[in-house]
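Trainee: Got a minute to go through a structure with me? I'd like to ask a few quick things about it.

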Amino acid sequence: MLLQSAVSPGTHPLAGTIAAWMWAIPLLPLLGFLINGLLSLTAVARFGPADPTAASHAAHGDEGGHGDADHGGHHAARHRFAGITSIVGPGVLVAAFLLAAAIFVRMHALGEMSEPFIQQYFSWMPVGDLSVDVAFRLDQLSMLMVMVVTGVGMLIHIFSVGYMREDPGYPRYFAYLNLFVFCMLVLVMAANYPLLFVGWEGVGVCSYLLIGFWFSEKANADAGKKAFIVNRIGDFGFLIAMFLLFANYGTLDFSALQAVSGQFVFGGALITTIALFFFLGCTGKSAQIPLYIWLPDAMAGPTPVSALIHAATMVTAGVYLIARSNFIFAAAPVAGLTVVVVGALTALFAATIGLKQWDIKKVLAYSTVSQLGYMFVGVGAGAYVAGVFHLMTHAFFKALLFLGAGSVIHVMHQAYHHTGSHDDAQDMRNMGGLKKYMPVTWVLMWIATLAIAGIPPFAGFFSKDEILGTVFQRAEQGSTLAQAHWLGLPGTAVLYLAYAMGLAAALLTAIYMTRLMLYTFHGPNRTGEKEREHLTEAPWIMTGPLLVLGLLSAVGGWFNLPELITHAIPLGPTAALEHWLDPVVGAGTATVVGPGAEATAASTETILIVVAIAIAIAGISIAVAVLKPAALVPKRQAKPEEGFERVLANKYYVDEIYDATVVQGTYGVSRNLLWRGVDVGLIDGLLVNGSAWAARFAGWLGSQLQSGQLGTYAWVLVLGVLLVLGAFHHAVLP
Amino acid sequence: MLAESLFFSAVLFTIGVIGVLTRRNAIILFMCVELMLNAVNLTFVGFSRVYGAGGQVFVFLVMTVAAAEAAVGLAIIIALFRHRHTVDLQNINLLKG
């Protein structure tokens, strides 16, 4: 590795320490990708391409990916290199996590570190005024993200060993998963926007590959394509924002941009446009209205993939991007309010859909969309710490929820496999009463549910409360956001509205999560007599990571305790995360808060916390009181929903509306204008056939001169000679 | 002397051209072509009286070529007549495009 220099070699306190090895953090997963990818390829070369149909059926039959799959009598052998993959795949992640942890410890020991530690490796695009380096930047924000990505990623990799070991595509699975971690680490460690974009696109590719992992099933391949295409719309926004930044400020480097951020016209049209285009990128990657539609479909991939990519890490890239670009968003209050509004709408909208889904993974998918909405409310309101805090706690409890759901699906599948049943292993109507058979998963899932619902002292309470509290404060204190106007509405009103929508979404979150727990683990068991005998707890390689995530979901909120709580109960240091992130986002937060903001009264803060807890408890109580798991019947006997419930179960028909407008519209334009008009009419008709016609016409004209009459030829000849002679006479003689 | 011969050859040449342009009979046409060739020969001879005998060499060359041409041309006309039973060029348009 050629290590040219840090920004100022030898002067940065991290230079020469273990942090100089930070390039190895992303390269370790890349190494794992190469090894696993080669193993996967050698197997193909040795045996010839496997029959994908048989492979897919075996995959569904043995392991628990997709509920609708046929899991009949096929039985494929375990991949012959499965043993090596089981060591290499999670091994590189463990190594990367240990290295990251060592760097974190070193960085933490420094105390204050105001300057980021930047390593430049080589110049990537030195074109004219544009100079883009391949450089990694280590600051408090990227360190936190690296810890989350490698930490949660490591646990999910270990879980995957149990979940995917019997799949014939096992090395391929780990190759993609390792490649994903590599790209995600490039994304969070990049020192400039283009390199961040490389990681941004890279995780998109891995997401596509893993959603369509069981590609022989057309629905899965389609879901992958949908995710990829919808994300392209967002990436277009990201690119435009980058072009605008470069065209106006001449650089794309984070540090350099931050240095010129004094030139940003506060609230100006240019900076608002840039921020909004960046946010368009975020709506694609982080599944916000209007581009959220790909995320629920992304559940077609293996469940650990849903946990890692479509819940814990990749989809939070948009939140990271805004936190990273806080100096841009802080200068554009209208863009900030847009982020708040879209986030709040998404949080509420997705939560209502989550109320009526029967597929256990779909509930969690809409829950993820909803929680991402919360994060955007946070970062949009200039509460960058709160947004990133919720990103972190969400990574813990949502990964736990997905992996727990994965365990449940795994066990259900095995039971169905033993009896040869073809029922849907992901439908909650087919579950019920699983707490008797899976006590560990049951307890851990409840911890995660309480965390996401916002019950103290679990993780989600602190982060969600901080987001809602900050939005309330921003409205109350007359921050720059509150003074701005959004589509004619005063910012204060928008923020209060977002707060109310956040509370409503919190209530719904508590309801649908309790519903999920009640239907899955409580009440009578609905699997059927024969299947019941095969229901057991998942193996330890799967419950082990769940235990760690359970612990983190329980105490993860203590990383950033509000002062109000540390006053009463000494759980830990006050606002540790806020102090940690202050060098990165402190200035941006201060810009948003504006001068002369007074602190919120402790009494107001107490009321906000009490309201938040009351809402969460109310949600759980409503769900317990209203829902009757005992009255539920298995999917086969279930009646279709009626009325508004049907609208919710069908996700407000958004997919159908998009299909009728956007998809069919594109088809219509392509078919009638581009195909029939431009291609057939203009290119084929006018240019290709037209030039042929013109040549034929010229030939016909010429052929008319050839009368065959010698006399005519003689006349033409003589006239020509006279013409030449005349011209000669005119030219030579005076 | 040069002026008179040049004038005379110009007259001959023009008669040849007009014949080619206006007549339809292939034999007559052929004779008119010969007339034009010989008009040129006359200019060569005329000039040779002033500029030396080089022109007379060309005359012999032209006469040789004209003889060969007459042989080939008459043969073609005979072949044409055998096929078409006419030498009227208006009825012959094999070159029509």
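Mentor: Sure, let's chat about cysteines, peptide bonds, backbone angles and the surface. Keep in mind that this is a predicted model.

Trainee: OK, how many disulfides are there over all chains?

Mentor: The count comes to zero.

Trainee: Hm, why is Cys183(A) not bonded to Cys206(A)?

Mentor: Their sulfurs are 4.3 Å apart, which is too far for a bond, because a disulfide needs the two sulfur atoms within 2.5 Å.

Trainee: And is Cys206(A) buried or exposed?

Mentor: Cys206(A) is buried, at 1% relative accessibility. Cys183(A) counts as buried too, at 8%.

Trainee: Switching topic: which residues does the cis peptide bond with omega of about 10 degrees join?

Mentor: That one joins Ile289(A) and Pro290(A). Pro290(A) sits in the loop between helix 9 and helix 10. There's also a cis bond from Pro456(A) to Pro457(A), with omega near 5 degrees, and Pro457(A) is in the loop between helix 17 and helix 18.

Trainee: What's the phi of Ala287(A)?

Mentor: Near 55 degrees, a positive value in a residue that isn't glycine. Ala287(A) lies in the loop between helix 9 and helix 10, and at 0% relative accessibility it counts as buried. Tyr652(A) has a positive phi as well, about 60 degrees, but Tyr652(A) is partly exposed at 22%.

Trainee: Last one: what area does the nonpolar surface patch with Val678(A) have?

Mentor: About 780 Å², with Leu673(A), Ile683(A) and Leu687(A) among the other residues that make it. Val678(A) itself is in helix 27 and is partly exposed, at 34%.

Note on methods:
Residues numbered from 1 in each chain as written. Chains lettered and ligands numbered in written order. Predicted model: local features only at pLDDT ≥ 70, side-chain atom pairs only at ≥ 80, totals over all residues. Heavy atoms only, no water. Patch = residues over 30% accessible without salt bridge, like charges linked within 9 Å, V, L, I, M, F, W, Y side chains within 5 Å. Areas by Shrake-Rupley, 256 points an atom, 1.4 Å probe, with all protein chains shown as cover. Salt bridge = Lys/Arg side-chain N within 4 Å of Asp/Glu carboxyl O. Helix = DSSP H or I, 4+ residues; strand = E, 2+ residues; numbered from the N terminus. Buried < 20%, exposed > 50% of the residue type's maximum accessible area, 1.4 Å probe, protein only.
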